[in-house]
Amino acid sequence: MNALPPNPSRELLAKSAETVSRALDQARSLTELAARQAETLAPKPPAAPALMPFFGRNPFTLMQEAMEYAVDATQRATLFWDTMRRAGNDFVEHEKQGCPPVLVFDWEMVVDGRTLPRRCNYALVRIKPPAGMRAPDPAMRPFVIIDPRAGHGAGIGGFKSDSQVGVALRRGHPVYFVIFFKDPEPGQTILDITAAERTFLKRVHELHPDAPKPVVIGNCQGGWAVMMLGASDPELMGPLVLNGAPLSYWAGERGRNPMRYTGGLAGGSWPAALMADLGNGRFDGANLVLNFEALSPGNTWFRKYWSLYEKADSEPDRFLEFERWWGGYYLMNRDEIRWIVENLFIGDRFARGEISAGPGRNGATFNMRSIKSPIIVFASVGDNITPPGQALRWIADVYRDEKEIRALGQTIVYLVHDDIGHLGIFVSGKVANKEHTEIANTLDMIEAVAPGLYEMRITAAEGSGVNAGYQVELVGRTIADIRAVSGEAENEAFPAVAKIAAVNQTLYDLMIGPAVRQMTTERTAELRRQMHPMRARRYMVSDLNPFMLPFAAAAERVKAQRAPAAADNPFVAAERAMAERVGDAMDTWRDWRDAWTETAFHTVYGTLAAFGVAEATAEEEVAETADALADAPAVRAALARIAEGSYAEAVVRMMILLARARGGVRRSRLARSQALLTGEAPFAEMTSAARQALIREQTLVVEMAPEEALATLPGLLADKAERRRALAAVEDVAGPEEELGAPAQAMLARLREVLGLARR
């Protein structure tokens, strides 16, 4: 008997009901958004009147203070404009030199990507230690730092002594830096760059055959480059460090992180393609830098310059140092910027494993689950370019839960700063001397960390004085913790953006792009680049402008006759109050702009998604059950050997059981664990890979069968003397028992009982 066809009216009713439900959800979402924005945009308490400092002062004294202020303000204005002139001259000279890296350290070329079969404008250089610093030890783990190519030039990771480069050099590590040149090679692609970086790492291995695998550090956009390398060539990678690196572009908090909406409101990737076509096939990085500045106009367009004016005696050197990097603009090929925008910013395809690894990879994609090296992620709540959600959400997208992370033998550690901004992650001396130093210290012992998900906490060590140092603890965390930190990620508006962006890009490619390319020449493209406001405003304050020339001599006279106003001068106080009002007004404009941006985005794309205009996605995989995870080959093999082994397996298993009970581990215990695993028999005779395999296998055993792991311990240790030796080693690593906490103390008691060594 033939089955009856489905009733069309019933299907129509079901789809209508689904659409109505989504429309109601969209209305509810917009209502919640409006309420949140109303709270954010509520008027702030009025500031104190700028004239308050003048009340109650003697008129004659006030006149004298006015004259002092007039002299001081004029002198500061002269010093300010002279500093701007010097910055403009630095920019002109930097452009003439081809925008070389702004590394403060000397370096030598190791591999030039422009000479490789797949040519690109990247290169690997070796950092030379400054005079007076000890020479790097070639047997120590090398550090390889990859800077972001996001408009600026290379060198942010080492443009001052207190930096990532400086931290590694002072510890005696060989340091390599991946730089890039201003102009891309003709036809180069992102996958060409990945191939070049693969060659760079192979060369580092050749130069340091006796050293552990290199630490690879990715700053900002360099982070996804590092992760692509780790996914495609895991055997080349040591620990990975991602600093302010965006990997989940749709994630973030509503009411904050407005940058993720920009691509949607622009209609997708076609504006980037237009800019590249107007550049005769090359995209100007100055456009990206201008977008960064627009995120916080109060800071970048006013407070930065106000601070220079207010502190004209002390601020110029710091200002000029930063401007040397901020003012260097690099170019990308059309295909490069389109790849980045379509695959990452708009498509968010990396975390979903949808980016092709390119020719010669048998159709494989970049899959983050393929990464086997430990990963350390450094993010900040104060980062408005890569907020914590974009830096961390990929963990929840790639792994079902923390149990799967452990089962796959992966170690992920994240650190979230409370307030530092995006650039501060790379350039702040305080961050370099605290967070980056402690990350480097922890990397020495990362192999002793059992697989899992951890949060790194850095607190002041017990003791007095500024040199007391820091105490580091790795605290066990869950995927639920990552979701709580990363904010919104499941949002149908973003898939709708991807759909509309693809349509717009197709229309541009068919109807507009060919005409633009036909009308563009290299001369018109270069003229556009030179007239870009990011360059023009620097040319205007350089010596190319004859009106700026007198400031050099005037500044020298001012320095010789400097007469700063008193700190309590009421005109100085009024000036500061007015500056605060200007900055606050710009912040208010920014808040209203961001609120409009977010509302418009969710109104347009949320409504489109509600009516079914969204990217077609495959059915979600059914979540793996614990039984399915237990059927994985690595898990089955580890459980089959649960009763096999000897002293080494027993010691590692007991340390993992104790760490699991405690929920975290301090670095002091990690140091003792590392000393045991690298300095005492039988561990000292093992290779690093063998120790890692042992730790991963025992982690699987403890994770999947904790009670059986405990019960089979006696069978791994031949006699009572061997058991005493093993327990003593574990107790030495654990440290004073009174500091362990109740759960760890209870586990230690169980270990003694199982081994027949219970205290009487």
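**Group meeting: a walk through the model**

R369 touches V398, Y399, E404 and L408, leaving aside residues up to four places away in sequence. I start there on purpose. Keep in mind that this is a predicted model.

So where does R369 sit? It is in the loop between α11, residues 334-346, and β9. Its relative accessible area is 28%. Buried means under 20% and exposed means over 50%, so R369 counts as partly exposed. There is also a link back along the chain. A351 is 18 residues away in sequence, and the two C-alpha atoms are 9.5 Å apart.

One of those contacts, V398, takes us to the next element. V398 belongs to the buried part of helix α12. The helix covers residues 388-398, and ten of its eleven residues are buried. Besides V398, the buried set includes P388, R393 and W394. What covers them? The cover includes α5 at 222-232, α13 at 402-407 and α16 at 479-486. Strands β9, β10 and β11 contribute too.

Now the whole chain. It has 30 helices and 13 strands. There are 760 residues, and 52% of them count as buried. The exposed area is about 34600 Å², with carbon and sulfur atoms supplying 57% of it. Take the contacts between residues at least 6 apart in sequence. Of these, 81% join residues at least 24 apart.

On to the sheet. It is open, it has eleven strands, and the pairing is mixed. The order reads β1-β2-β4-β3-β5-β6-β9-β10-β11-β12-β13. Which strands stand at the edges? They are β1, residues 107-112, and β13, residues 664-666. Each has a single partner strand, so one side of each lacks a neighbour in the sheet. On average, neighbouring strands are turned by 20 degrees against each other, direction ignored.

Look inside the sheet at β3. This strand runs from 143 to 146 and pairs with β5, residues 215-219. The sense is parallel, over four bridges. F143 stands opposite V215 there. On the other pairing, β3 meets β4, residues 175-180, again parallel and over four bridges. I146 has V178 as its bridge partner in β4. Are the faces of β3 buried or exposed? Both are covered. F143 and I145 are buried on one side, V144 and I146 on the other.

A helix lies across this region. That is α15, residues 429-443. The strands under discussion are β3, β5, β6, β9, β10, β11 and β12, and α15 lies across each of them. Against β9, α15 runs at about 165 degrees.

Just ahead of that helix, take I420. It lies in the loop between β10 and α14, residues 422-427. Its relative accessible area is 17%, and I420 is buried. Its contacts, leaving out residues up to four places away in sequence, are S380, G382, D383, I425, S428 and V431. V431 is eleven residues along, with 8.5 Å between the C-alpha atoms.

Next, a helix pair. α17 covers 493-519 and α21 covers 570-610. They pack at about 85 degrees, with axes 8 Å apart. The window for roughly perpendicular is 65 to 115 degrees, and the two helices therefore qualify. Which residues meet? From α17 we have A493, F494, A496, V497 and I500. From α21 we have F601, H602, Y605, G606, L608 and A609. The contact divides into nine nonpolar residues, two polar and no charged.

Last item: backbone geometry. Three places to check on your screens. A cis peptide bond joins A681 and P682, with omega about 0 degrees. P682 is in the loop between α25, residues 667-679, and α26, residues 688-704.

Then C220. Its phi is near 50 degrees, positive in a residue other than glycine. C220 is found in the loop between β5 and α5. It is buried, at 4% relative accessible area.

Finally N280. Phi is positive here too, about 60 degrees, and N280 is not a glycine. Its loop runs between α7, residues 270-278, and β7, residues 282-284. N280 is partly exposed, with a relative accessible area of 34%.

That is the tour.

Notes: Residues are numbered from 1 along each chain as its sequence is written. This is a predicted model: local features need pLDDT of at least 70, side-chain atom pairs count only at pLDDT 80 or more; totals for chains, interfaces and linings use all residues. Side-chain values use heavy atoms; hydrogens and water are left out. Two strands pair if DSSP finds at least two bridges between them. Axes are lines fitted to C-alpha atoms, for helices over the stretch in contact, and angles run from 0 to 180 degrees between N-to-C directions. Contact means heavy atoms within 4.5 Å. Angles under 35 degrees count as roughly parallel, over 145 as roughly antiparallel, 65 to 115 as roughly perpendicular and the rest as oblique. Ala, Val, Leu, Ile, Met, Phe, Trp, Tyr, Cys and Pro count as nonpolar, Asp, Glu, Lys and Arg as charged, and the others, Gly among them, as polar. Buried means under 20% relative accessible area, exposed over 50%, partly exposed in between (1.4 Å probe, protein chains only). Accessible areas come from the Shrake-Rupley method with a 1.4 Å probe; for residues, only the protein chains shown count as cover.
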